[in-house]
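Trainee: Could you take me through one part of this model with care, namely the cysteines, and then go on to the contacts and pairings that lie around the rest of the chain? I would like the reasoning spelled out wherever a cut-off decides the matter.

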Amino acid sequence: MTSTRANASRSTETTALTKHSRDRGTGFPKFMEDQDSLKYGAPRGAAGIRKYPPASRESEQLVSEEAEEETASILQLENEPGDSQLGDELDAGKQDDDSDEDHKAQSLNVWISDWHKSLMAAISSEKFDSLLKMFPDFYGCKSHMAAFVLLRELLDTASVPYQHYKVVALGTGRSCCSEWLRYNGTMVHDYHAIIIARRALKRFLYKQLLLFFDADPKAKENSIFERSADGPQLQLKPKTSLHLYTNQCPDGVANRFYFKVSRVNTWMTMKLQYHSKGLLVPVPNLNQSLWGAKVCCMSASDKLCRWTVTGLQGALLSHFIQPLYISSMVLARQKLLNEEMSEITNMRLGDGWEDVLPPFYKKHTIFCLYGDYVGPSSTSKQHVDLSINWCLGDENVEVLDSVKGFVINGSPCVSGPGFSSRLCKRALYSYFLRVAELSEQSYLLDLPTYHSVKMEAVVYQKVKDLVKQRFLSNRAGPWISKELVDLFSS
C-alpha cells in the first residue's frame, strides 16, 4: 500500500511525462523560489572582512521551498521493473547483508531505467519552460541546455521508499567569451551548457551550506548535507545523488570522434582541446601569446572527464564538503555518440587510481544514458550568444552575453555591480567568505586572495595535479590554467 502523498505525486509525474511526450507544456506549478541573489564585493573591516547580514532570510526561504513539495518526479522503487543488464548485481545486493550495497544495487536499477531517462528530460524541460514562461524572448536558448537533478530516496507515510527528483541547477549556452582577460574576477569565461549548469550548481551548494550552518535547527534539517564521522568536511545525506541531463553532447573530443577499432589506444592519446575565438583547438597548437591575453577555455568534454576524479565541487567548496560526483548523465540525440561519450569520459584517464588518491576521492564511473531531446529544432541567430542560468532559490533566470562575459541589459535578474554575473568568480568568492564566517573557520577569512584560498585546498589541488599528470603521461597535452585571473581579493 502506498500513501495518498505518493499516489498524488506519481499522478503528477505521469502528467509531466505526458506533457513531455507532446514536447509542450506550461511547466509545473511554481514553488517558492523567491530568494534574493546574494550581493557580493564585501569591503574589508576591522576583523579582516565585513560581517555579512544574517543568513536567516535565505534559510527561511529555502526551508519554505523544501516544505513545498515539487509536483513531479516521484519513482516508487517497489514498482520499478528490473533490468537484465544489472541482474547479477541486483541478485548479489539482495543476498548481501550490507544495506549500503543493497541500496547501491537498487539505485543502479533506477538510474538505467526508461523512467529515469524520461523523467530527467521531462523535468529539465518543464523547469526551463516554467522559468521562461514570463520571458518567451529567451526560449530559443533551450537548444543547448543542461540541468543538474538532485535525487533522494525518501519514505512516504507508509514507510515505502520512493525516489524524489528535483532540478536544482540549470544552464544554457554554446560558446566561450572572446574578450581580453580581466583580473578582478567579474567576467564569466565559459558559456557551454554543462559548465554554466555546474557553476549554478555551486551556488546551490553554497545555499545548502548556509542552511546547514544556520542557527535555526529547522534550516539545518533541510540542508542536503550532514556531518561526517570520517573528517571535517560535510557529506551528502544518505541515499542522495546528483544527476545530469544535457540535450547536446559536450563540446570537445567526445563529439568529434567516432571510433571503430583500437578504441583503448585512441582514448589514451586524445589531445586536450581548448576554445579560442570561436574555434576548438588542440592544446599542442596553443598560441601562448593568445592564451596569456584573451579568454581561452578547456573543452567541456575535457572538464567532464576531469570531474570523474576531482568531483564537481571545485577548490573553494572542498574546504567544506567531500567531493561530489555525477551518478548518471542523460545525453540526448545520437545513441552511438552517447556510447562514445561514455567510453571517452570514463576510460580516458585509465585505471590504477586506487593507490594514489587521498580519502573520499576516487576514479568515478558516470552512467551515461541515451535520452530524449527537449528543445527547439534549431537555434536562432539572436540566441547564439546568450546564456541562461538559474539555481534553486533564485527568483528569476539571469541572461548573459557570452561574447562579452557579462549580464545583458534586459536580463530578468541583474544582481551584481557593473552587470557582473552571480556566477562569476567574485560572486562565488563572496558566498565562500560568508560560509567560512558562519562555519567559524576564521583562518580562511585571513587568506588574502581568491587564488590563495584555492591553493589552501591542498588535498583537492593534489588530486587535480594527479589528473594533469595523467593527461601528460597519456600524451594528451598540458592542462593550462590562468593563475593571474585568480589574484583578486575581496
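Mentor: In this predicted model, the count of disulfides comes to zero. The cut-off that decides this is a distance of 2.5 Å between two cysteine sulfur atoms, and the sulfur of C249 has its closest cysteine sulfur in C368, 9.6 Å away, which is too far for a bond. As for surroundings, C249 is buried, with a relative accessible area of 15%, and C391 also counts as buried, at a relative accessibility of 0%.

From the cysteines we can turn to a threonine, T240, which has its place in strand β6, a strand that covers residues 240–246. With a relative accessible area of 16%, T240 is buried, a label that rests on the limit of under 20%. The side chain of T240 reaches back to the backbone oxygen of K237, at 3.1 Å. Leaving aside residues up to four places away in sequence, T240 touches L150, L151 and R152.

The charged side chains deserve a longer look, since the structure holds 10 salt bridges. One of them joins D114 to K117, with N and O at 3.4 Å; both residues lie in helix α5, which spans residues 114–131, and they are three residues apart, about one turn of the helix. D114 is exposed, its relative accessible area being 55%.

Another salt bridge involving an aspartate is that of D129 with K142, where the closest N and O atoms are 2.9 Å apart. D129 lies in helix α5, whereas K142 lies in the loop between α5 and β2 (145–155), so this pair ties together parts that are 13 residues apart in sequence. D129 is buried, with a relative accessible area of 12%, and K142 is buried as well, at 1%.

A further pair spans a longer stretch of sequence: the side chains of D394 and K207 meet in a salt bridge, with N and O at 2.8 Å. Because D394 lies in the loop between β12 (386–391) and β13 (398–401), and K207 in helix α6 (residues 193–212), the pair ties together parts that are 187 residues apart in sequence. Both D394 and K207 are buried. This salt bridge also belongs to a wider arrangement, in that R203, K207, D394 and R422 are linked in a network of salt bridges.

Finally, there is the pairing of strands to consider. Three strands form an open sheet, in the order β8-β7-β9, with antiparallel pairing. The strands at the edges are β8 (279–282) and β9 (297–298), and each has a single partner strand, so one side of each is left without a neighbour in the sheet. Strand β7, which covers residues 273–276, is joined to β9 by two bridges, and these two strands run antiparallel. Within that pairing, Y274 stands opposite M298 in β9.

How values were computed: Residues are numbered from 1 along each chain as its sequence is written. This is a predicted model: local features need pLDDT of at least 70, side-chain atom pairs count only at pLDDT 80 or more; totals for chains, interfaces and linings use all residues. Side-chain values use heavy atoms; hydrogens and water are left out. Two strands pair if DSSP finds at least two bridges between them. Helices (H or I, at least four residues) and strands (E, at least two) are DSSP runs, numbered from the N terminus. Buried means under 20% relative accessible area, exposed over 50%, partly exposed in between (1.4 Å probe, protein chains only). A polar contact is a pair of N or O atoms within 3.5 Å; within protein, one must be able to donate a hydrogen and the other to accept it, and residues adjacent in sequence count only if both atoms are side-chain atoms. Contact means heavy atoms within 4.5 Å. A salt bridge is a side-chain nitrogen of Lys or Arg within 4 Å of a carboxyl oxygen of Asp or Glu.
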